[in-house]
Amino acid sequence: MTVHELRRLLGTAPHPARSVPCPHCGAGAREACTTRSGRHRITDSPVHPARLDAWARTVAVCPACQVAPSTPCHAGGIPLPGGAVHPQRHTEADRTSRAA
């Protein structure tokens, strides 16, 4: 039985953050995150934290700094380091994905 068949049977869907490419490991959209070498899929979490940030930035308005989707979060007009997003934006992205 393949992973896709098992997911269909169990009713589990991949994390919605897999809809964007992973900036950490380079996995494409809809592909599982891997080690940086690309040899092994990660199993300890559904996606890398950088991919979660990229997904939240893409789909949600940030309640903390009031920026539109696809606009980086900022603090005092300066973008957050490393493309990070405010925790509130993650919450909003989760809410958005459940409503869709």
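This report describes the fold, the helix packing and selected residues of a predicted model.

## Overall organisation

The protein chain contains 3 helices and 2 strands. Read from the start of the sequence, these elements follow the pattern α-α-β-β-α. Of the 100 residues in the protein chain, 28% are buried. Among contacts between residues at least 6 apart in sequence, 44% join residues at least 24 apart.

## Packing of helices H2 and H3

Two packed helices are described by the angle between their axes and the distance between the axes. For H2 and H3, the angle is about 70° and the axes lie 9 Å apart. An angle from 65 to 115 degrees counts as roughly perpendicular, and H2 and H3 are therefore roughly perpendicular to each other. Their crossing is left-handed.

The H2 side of this contact is formed by Leu52, Asp53, Trp55, Ala56, Arg57 and Val59, which meet Arg89, His90, Ala93, Asp94, Thr96 and Ser97 of H3. Within H2, the residues Arg51, Asp53, Ala54, Trp55, Ala56 and Arg57 are buried. H3 is included in what covers the buried residues of H2.

Aspartate 53 belongs to helix H2, which spans residues 49-59. With a relative accessibility of 16%, aspartate 53 counts as buried, because the limit for a buried residue is under 20%. Apart from neighbours within four places in sequence, aspartate 53 is in contact with Gly83, Ala84, Val85 and His90. The C-alpha atoms of aspartate 53 and valine 85 are 5.9 Å from each other, although 32 residues separate the two along the chain.

## The salt bridge in helix H3

A search of the whole structure finds 1 salt bridge. Its partners are glutamate 92 and arginine 95, whose closest N and O atoms are 3.0 Å apart. Both residues lie in helix H3, residues 87-99, and they are 3 residues apart, about one turn of the helix. An α-helix has 3.6 residues a turn, so residues three or four places apart point the same way.

Neither partner is classed as buried: glutamate 92 is partly exposed at a relative accessible area of 24%, and arginine 95 is also partly exposed, at 45%.

## Cysteines 62 and 73

A disulfide is a covalent bond between the sulfur atoms of two cysteines. The structure holds 0 disulfides. The cysteine sulfur closest to that of cysteine 62 belongs to cysteine 73, and the separation of 3.6 Å is too far for a bond. Cysteine 73 is likewise in no disulfide, with the sulfur of cysteine 62 as its nearest cysteine sulfur. The cut-off explains this result, because a disulfide requires the two sulfur atoms to be within 2.5 Å.

Both cysteines are withdrawn from the surface by the measure of accessibility: cysteine 62 is buried at 0%, and cysteine 73 is buried with a relative accessible area of 1%.

Histidine 86 is in contact with both of these cysteines; the residues it touches, leaving out those up to four places away in sequence, are Cys62, Ala64, Cys65, Cys73, His74 and Leu80. Histidine 86 is placed in the loop between strand S2, residues 78-79, and H3. Its relative accessible area is 16%, and histidine 86 is buried.

## Loop residues with positive phi

Two loop residues other than glycine have a positive phi. The first to be described is arginine 30, with phi near 70°. Arginine 30 is found in the loop between helix H1, residues 3-10, and H2. The second is glutamine 66, which is not a glycine and has a phi of about 60°. The place of glutamine 66 is in the loop between H2 and strand S1, residues 74-75. Arginine 30 is exposed, with a relative accessible area of 66%, and glutamine 66 is exposed at 61%.

## Accessibility of the residues described

The table collects the relative accessible areas of residues discussed above.

| Residue | Relative accessible area | Class |
|---|---|---|
| Cysteine 62 | 0% | buried |
| Cysteine 73 | 1% | buried |
| Aspartate 53 | 16% | buried |
| Histidine 86 | 16% | buried |
| Glutamate 92 | 24% | partly exposed |
| Arginine 95 | 45% | partly exposed |
| Glutamine 66 | 61% | exposed |
| Arginine 30 | 66% | exposed |

Technical notes
Residues numbered from 1 in each chain as written. Predicted model: local features only at pLDDT ≥ 70, side-chain atom pairs only at ≥ 80, totals over all residues. Heavy atoms only, no water. Salt bridge = Lys/Arg side-chain N within 4 Å of Asp/Glu carboxyl O. Helix = DSSP H or I, 4+ residues; strand = E, 2+ residues; numbered from the N terminus. Buried < 20%, exposed > 50% of the residue type's maximum accessible area, 1.4 Å probe, protein only. Contact = heavy atoms within 4.5 Å. Axes fitted to C-alpha atoms, helices over the stretch in contact; angles between N-to-C directions. Parallel < 35°, antiparallel > 145°, perpendicular 65-115°, else oblique. Left-handed = near helix turned anticlockwise from the far one by under 90°.
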